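Here's a quick briefing to read with the model open beside you. Have a look at the fold, then work down the bullets.

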Amino acid sequence: MTTYKSDFLRTLDERGFIHQLSDPEGLDALCLKGPITAYVGYDATATSLHIGNLISATMLYWLQETGHKPVALMGGGTSMVGDPSFRDDQRKMLSVDEINANIEGIKRIFARILSFGEEQTDAIMVNNADWLLKLNYIEFLRDVGRHFSVNRMLSFDSVKLRLDREQSLSFLEFNYMIMQGYDFVELNRRHGVTLQMGGSDQWGNIINGVDLGHRMGTEQLYALTTPLLTTSSGQKMGKTASGAVWLNGDLFSPYDFWQYFRNTEDADVEKFLKIFTRLPLGEIAKLADLGATEINEAKKVLATEATAIVHGREAAEQAAETARATFEAGEIDLSLPTTDVRRGALLSGLGVLAAVVEAGLASSNGEARRHVQSGALRVNDKPISDAHATISDADVLPEGVIKLSIGKKRHVLIRPV
């Protein structure tokens, strides 16, 4: 096991962020010499990042916290192509306007995580559209494309898996890894970036950039990836019954985000505290040592600290209080996630299955019906056993809402408008 001397790599190692590192000794020595500049790239395929992206964004936070300069690269250019890594089909083609709108949404999360400014270690945000969209194709092929071996590109798992399944890989997508490799070289030239970080699925693409830099005469470049994060039960982290765990509150509310971490499996609490909070390791060790009957308190700390990073301290504490009022005091807390429905629909009787889907507690009527059959669905805390049941104006509580629940931990309010 490598013992790192630099604060940055030691912090990442102690908190469980390091999976692969191209030259551990070389990068460790470079970090000791003075501030390095490192980046993570984010394609603008949605209006928000998701919880998987939070891991790499947190690495940028620790980079800055230990005295180095982070670069958040927005993929305004690469998003026009789409990363084919470990996908069964081609990504949806996005317009320039859609990509730019998505970038604006993504910027919101970085304003909370990193400190931007003009000082030496202040973060910067750049867009690879600034250079990729200006490339001359023939010159790019001669200057950059000649350094890539098609044989080697075909050997990468991200490509090989698609071809092994006899699924089409377009020439457009095949260019993605060349563009990402070139990003690394361009960022080194423009901003002195020497390290690219990302998830383990990006290892091949990042190493391409390291090799390209060597061939094109940059200084030594480095690659670092995080492990694929799974729960103790073997599930890939980041999905719920209603979809992805987004970081922007308009897609996934602060309360739902808090609840996501509150529902962490016991065996994952320590790991998630290290990765998703900024608590000192000593404090995390104390929380991890809590007995089985007290582990829920550690989960609440995890949920509140993770939510505070993404949504702010006030929103995190409000989510914690909402949960306390809902689960411990049995109150109707009006800050629960709320879905508006037309009062006319209630007057005529709204099917409970449709209401559950509308509220985002199930993705289909079939899934909602299974909740009824298992006894998990409640309306105003009363169990519903009939899949043909309806909710109406008569179910509206004095607070002006109807409470829908799946099990003990998922609650949404229906508000007539």
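A salt bridge here means a side-chain nitrogen of Lys or Arg within 4 Å of a carboxyl oxygen of Asp or Glu. Going by that, a search of the whole structure turns up 10 salt bridges. Keep in mind that this is a predicted model. Three of the topics below are charged pairs, a nonpolar patch and one helix.

**Salt bridges**

- As background, side chains of opposite charge can pair when their charged atoms come close.
- In one such pair, Lys-107 and Glu-104 join through their side chains, with 3.2 Å from N to O. The two sit three residues apart in helix H4 (residues 96-113), so about one helical turn separates them.
- How covered are they? Lys-107 is partly exposed at 35% relative accessibility, and Glu-104 is partly exposed too, with a relative accessible area of 47%.
- Helix H13 (residues 269-276) holds another pair: Lys-274 and Glu-270 are four residues apart there, so they are about one helical turn from each other. Their salt bridge comes in at 3.8 Å, N to O.
- Lys-274 has a relative accessible area of 23%, so it counts as partly exposed. Glu-270 is partly exposed as well, at 35% relative accessibility.
- Glu-305 and Arg-313 also meet in a salt bridge, at 3.0 Å from N to O.
- Is Glu-305 buried or partly exposed? Glu-305 is buried, because its relative accessible area is 19% and the cut-off for buried is under 20%. Its partner Arg-313 is partly exposed, with a relative accessible area of 39%.

**Nonpolar surface patch**

- Which residues form the nonpolar patch on the surface? They are Tyr-137, Ile-138, Leu-141 and Phe-171, and together they have about 430 Å² of accessible area.
- Helix H6 (residues 137-143) gives the most to this patch, contributing three residues.
- Tyr-137 lies in helix H6 and is partly exposed, with a relative accessible area of 44%.

**Helix H10**

- What span should the 16 residues of helix H10 (residues 176-191) have? At 1.5 Å a residue they should span 22 Å, and the end C-alpha atoms are indeed 22 Å apart, so the two values agree.
- H10 is mostly covered, with 13 of its 16 residues buried.
- Right after H10 comes Gly-192, which has a positive phi, near 70°.

Definitions and conventions: Residues are numbered from 1 along each chain as its sequence is written. This is a predicted model: local features need pLDDT of at least 70, side-chain atom pairs count only at pLDDT 80 or more; totals for chains, interfaces and linings use all residues. Side-chain values use heavy atoms; hydrogens and water are left out. The expected span of a helix is 1.5 Å times one less than its number of residues. Buried means under 20% relative accessible area, exposed over 50%, partly exposed in between (1.4 Å probe, protein chains only). Patches are made of residues with over 30% relative accessible area and no salt bridge: like charges are joined within 9 Å, nonpolar side chains (Val, Leu, Ile, Met, Phe, Trp, Tyr) within 5 Å. Accessible areas come from the Shrake-Rupley method with a 1.4 Å probe; for residues, only the protein chains shown count as cover.
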